[in-house]
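Work through the following exercises with the sequence and the model side by side, and try each task before reading its solution.

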Amino acid sequence: MITSTASLDDVDVAIAAARAGAEAVRARYGQRLTHIDKGAGDFATEADVAAEEAILGVIRAARPDDAVHGEEGGQRGAAGAVRQWWVDPLCGTLNYAVGSMLVAVNVALRDGPAAVADPFSGEVFFTDGTTARVRRDGSDTRLAPTAANRLVDVNLDPPFPSAPGFRAVDLLAHPGFVARFRPRVVSTTLALAWVAAGKRAAYVTDGGDLTESVHFAAGIALCRAAGCVVTGVDGAPVGQTGRGLLVAADAETHALLLSMIRAEAPAVSS
């Protein structure tokens, strides 16, 4: 597969790379894997490393001059390169390590195509930068966000960089939230793809600028192309001065959640 990628366009490269990573993740599922300690309770596994190498193999073969920033291997090429790929080879490592299949493989080109692969469903969610689709069993279907399911995924993983102004966990205590929505915790950015696909009404996480994060870049691109409302938790555009992420299937859901966030943490809107 790697030798045939030179003729692919960027969206096909993103899809092929995400699929290669997903194959590496799936092949090692259930095995006893060595943990690589990153400190502060964070770790990678042999599957993370193998998946990143598989992804890099595709990108190098197709776009040898492009820069790549990987979760495990760090920066390869100039960090300020116009053509920069962000790679998260296994989002949800803790889930994976304990036998949960709720994981994602994220590949995104700066200001370009992106792909999010679910290694176990076989689905690849992708965007060419304009439209968003899912490839399943060889056919592509356009993504259609909807808030009808009322399921909101909230990232509860520490640290909470926006605290004390805002912590995503605090949203669960808002009476309006429990009256209107049902919380879910996928603990992987697969949840962002699910917002774009209509499997979640919204996704909320705190943090700083997530647009150039290996974890979030692909999901943000996917949700934007699908027509979701994408801002920080303060309602401002995501970017260098952004704070966290609030992605909703529609404007009504976004406005409602934003009002709850502001009620719980007035400092966020200041």
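**Exercise 1. Describe the hairpin of S8 and S9, and then follow the chain into the next hairpin.**

In this predicted model, S8 and S9 form a hairpin with four residues between the strands, and within that turn Gly129 has a positive phi of about 100 degrees. The pairing itself is antiparallel and runs over four bridges, with S8 covering residues 124-127 and S9 covering residues 132-136. One of the bridges can be located by its residues, since Thr127 has Ala132 in S9 as its bridge partner.

The next step is to move from S9 to S10, which spans residues 139-142 and is joined to S9 by four bridges, again in the antiparallel sense. The hairpin of S9 and S10 has two residues between the strands, and here Asp137 takes a positive phi near 55 degrees. Two bridge partners in S10 help to fix the register: Arg136 is matched with Ser139, while Arg133 is matched with Arg142.

**Exercise 2. Place these hairpin strands in their sheet, and explain what is particular about the strands at its edges.**

Begin with the strand order, which is S4-S3-S5-S6-S7-S8-S9-S10 in an open sheet of eight strands with mixed pairing. The edges are formed by S4 (74-76) and S10, and because each has a single partner strand, one side of each is left without a neighbour in the sheet. From one strand to the next, the twist of this sheet averages 15 degrees.

At the S4 edge, the pairing with S3 (residues 67-70) is antiparallel and consists of three bridges. Within this pair, His69 is found opposite Gln75 in S4.

**Exercise 3. Work out the order and edges of the five-stranded sheet, and examine one of its strand pairs.**

The five strands of this open sheet follow the order S12-S11-S13-S15-S14, and their pairing is mixed. Its edge strands are S12 (182-184) and S14 (229-231), each of which pairs on one side only. The average twist from one strand to the next is 20 degrees.

For the strand pair, take S13 (residues 202-205) and S15 (residues 245-248), which are antiparallel and share four bridges. Tyr203 can serve as the reference point, as its bridge partner in S15 is Val247.

**Exercise 4. Check whether the length of H1 agrees or disagrees with its number of residues, and state how far the helix is covered.**

Helix H1 comprises residues 10-27, and at 1.5 Å a residue its 18 residues should span 26 Å. The end C-alpha atoms of H1 are 26 Å apart, so the span agrees with the expectation. As for its surroundings, H1 is mostly covered, with 13 of its 18 residues buried.

**Exercise 5. Characterise the two largest pockets by volume, lining and chemical make-up.**

Start with the largest pocket, whose volume is about 940 Å³. Its lining consists of 33 residues, and those nearest the centre are Asp42, Asn155, Asp157, Pro158 and His215. Among the elements that each supply at least two residues of this lining are S1 (35-39), S2 (42-45), S5 (84-91), H3 (93-97) and S13. Sorted by chemical class, the lining contains 11 nonpolar, 13 polar and nine charged residues.

The second largest pocket has a volume of about 300 Å³ and is lined by 17 residues, of which Arg110, Asp111, Gly112, Ala221 and Arg224 lie nearest its centre. Two or more lining residues come from each of S6 (104-109) and H6 (217-226), and H6 gives the largest share, namely five residues. Here the division by class is nine nonpolar, four polar and four charged residues.

**Exercise 6. Is Val82 buried or exposed, and how far is it from Gly208?**

First locate Val82, which belongs to the loop between S4 and S5. Its relative accessible area is 71%, and since a residue counts as exposed when this value is over 50%, Val82 is exposed. Finally, Val82 and Gly208 are 126 residues apart along the chain, and their C-alpha atoms are separated by 22 Å.

Terms used
Residues are numbered from 1 along each chain as its sequence is written. This is a predicted model: local features need pLDDT of at least 70, side-chain atom pairs count only at pLDDT 80 or more; totals for chains, interfaces and linings use all residues. Side-chain values use heavy atoms; hydrogens and water are left out. Two strands pair if DSSP finds at least two bridges between them. Axes are lines fitted to C-alpha atoms, for helices over the stretch in contact, and angles run from 0 to 180 degrees between N-to-C directions. The expected span of a helix is 1.5 Å times one less than its number of residues. Buried means under 20% relative accessible area, exposed over 50%, partly exposed in between (1.4 Å probe, protein chains only). On a 1 Å grid over the protein atoms alone, a cavity is a set of points where a 1.4 Å probe fits but cannot get out, and a pocket is an open set with protein on both sides within 12 Å along at least five of seven lines; lining residues have an atom within 4 Å of a point. Grid points are joined across faces, edges and corners, and a volume is the space filled by probe spheres set on the points. Ala, Val, Leu, Ile, Met, Phe, Trp, Tyr, Cys and Pro count as nonpolar, Asp, Glu, Lys and Arg as charged, and the others, Gly among them, as polar.
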